[in-house]
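Trainee: Could you take me through the salt bridges in this one? I'd like a close look at who pairs with whom and where the partners sit.

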Amino acid sequence: MAIGSGLGAQMGLAAESAYGTYQAPTKFIEFTKESMQLKKVTAQSAGIAANRLMPLAARRVVTQRSASGSLEMEVTNKGMGVLLQSLMGTSVTPVQQAATAAYLQTHLLADVAGKSLTLQKGMPLTTGTVTRKNFLGCKIISAEFACEVGGMLTASFEIDSKDCEETSVLAVATYPVMAPFGFHQMSLKTGTYNSEVARDGIRKVSVKIERPQATERYYAGQSGTKKEPISNDQVKITGSLEGDYVDTILDDLHTSDAGTSLVWDFTGPTIAASHNERFTIKLPVIKLDDAPPTVEGFDLIKPTFGFTALSDGTNVPQIEYMSTDVTL
């Protein structure tokens, strides 16, 4: 029996072979918070009948079903591949590094057609019996990564789902030994693409990747559920850099509106040889939107620069993930 509180909860996931088709969970992630919920649209008959003072319960129908919510977690050195693939869009096979236990995943930005997940949420009653909700056809609409002084690297995923059912059996959760990435492993580089230089004074970084999609594809013959969302706008990647005013490099980029490549990296322990656990976001070109430094008192000047990532016409944004995961 599980503990009859959130301590006994679980979240499993698996990539689907077809949108909205249940796939038994094969990965179980350690999450910190979630808000996945079924959403339904109902219609109530308003027919007039002699002396009937209230609507009939039998005349209420569910006309649409969907689900949505968020999933928050710490980014760990194992088990992130399926989520990263669903966010970025490229079908990825981990590449073994030489003959070591290190495997590199390179998630390039691409269309997310065909990239959907089944999420299974296990929620314990106070008795310790775990109920389950299976969210089908889960598409990642956006993800935000953030880390600051003294903290973990965190991720928050916004998810759209086709439907929620409670019939498929609860999978037994198993977890690999894993560790989170944190501020002590963080570095930030800017400069010419592939020749970026480490920036000093950085205290906090965030990157948000938005994948706009048409999520209201309700058609006749679909039993009130939607068809797979389709990308309907350009990808938006934004973020912020917070730190102390140790030099004018970022300030000058803001003033000139010049572009710079950005590499945000977390390097963990060595897996083998020269290969370390690693989580890296690479943006070929960003432009700083705001704001120039201001003096607000006696303390150190601490500018926050918001940025927008753009295309350089050749290279694409990517997330590299080095781990011991042989498969996603």
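Mentor: Let's go pair by pair, then look at a pocket that shares one of the residues.

Keep in mind that this is a predicted model. The count comes to ten salt bridges, and three of the pairs are worth a look here. Start with Glu-320 and Arg-278, whose side chains meet at 2.8 Å, N to O. Glu-320 sits in strand β21 (residues 318-323) and Arg-278 in strand β19, so this pair ties together parts that are 42 residues apart in sequence. Both Glu-320 and Arg-278 are buried. They also belong to a network of salt bridges, with Lys-282 linked in alongside them.

Next up, Lys-133 bridges to Glu-166, with the closest N and O atoms 2.5 Å apart. Lys-133 is in strand β9 (130-148), while Glu-166 is in the loop between β11 and β12, so the bridge joins parts 33 residues apart in sequence. Lys-133 has 25% relative accessibility and counts as partly exposed; Glu-166, at 45%, counts as partly exposed too.

The third pair is Asp-244 with Lys-302, at 3.1 Å from N to O. Here a loop between β17 and α2 is linked to a loop between β19 and β20, with the two residues 58 apart. Asp-244 is partly exposed at 21%, and Lys-302 is partly exposed at 40%.

Now for that pocket: the second largest one has a volume of about 160 Å³. Lys-302 is among the lining residues closest to its centre, along with Thr-294, Glu-296, Leu-300 and Ile-301. By class, this lining has seven nonpolar, three polar and three charged residues.

How values were computed
Residues are numbered from 1 along each chain as its sequence is written. This is a predicted model: local features need pLDDT of at least 70, side-chain atom pairs count only at pLDDT 80 or more; totals for chains, interfaces and linings use all residues. Side-chain values use heavy atoms; hydrogens and water are left out. On a 1 Å grid over the protein atoms alone, a cavity is a set of points where a 1.4 Å probe fits but cannot get out, and a pocket is an open set with protein on both sides within 12 Å along at least five of seven lines; lining residues have an atom within 4 Å of a point. Grid points are joined across faces, edges and corners, and a volume is the space filled by probe spheres set on the points. Ala, Val, Leu, Ile, Met, Phe, Trp, Tyr, Cys and Pro count as nonpolar, Asp, Glu, Lys and Arg as charged, and the others, Gly among them, as polar. A salt bridge is a side-chain nitrogen of Lys or Arg within 4 Å of a carboxyl oxygen of Asp or Glu. Helices (H or I, at least four residues) and strands (E, at least two) are DSSP runs, numbered from the N terminus. Buried means under 20% relative accessible area, exposed over 50%, partly exposed in between (1.4 Å probe, protein chains only).
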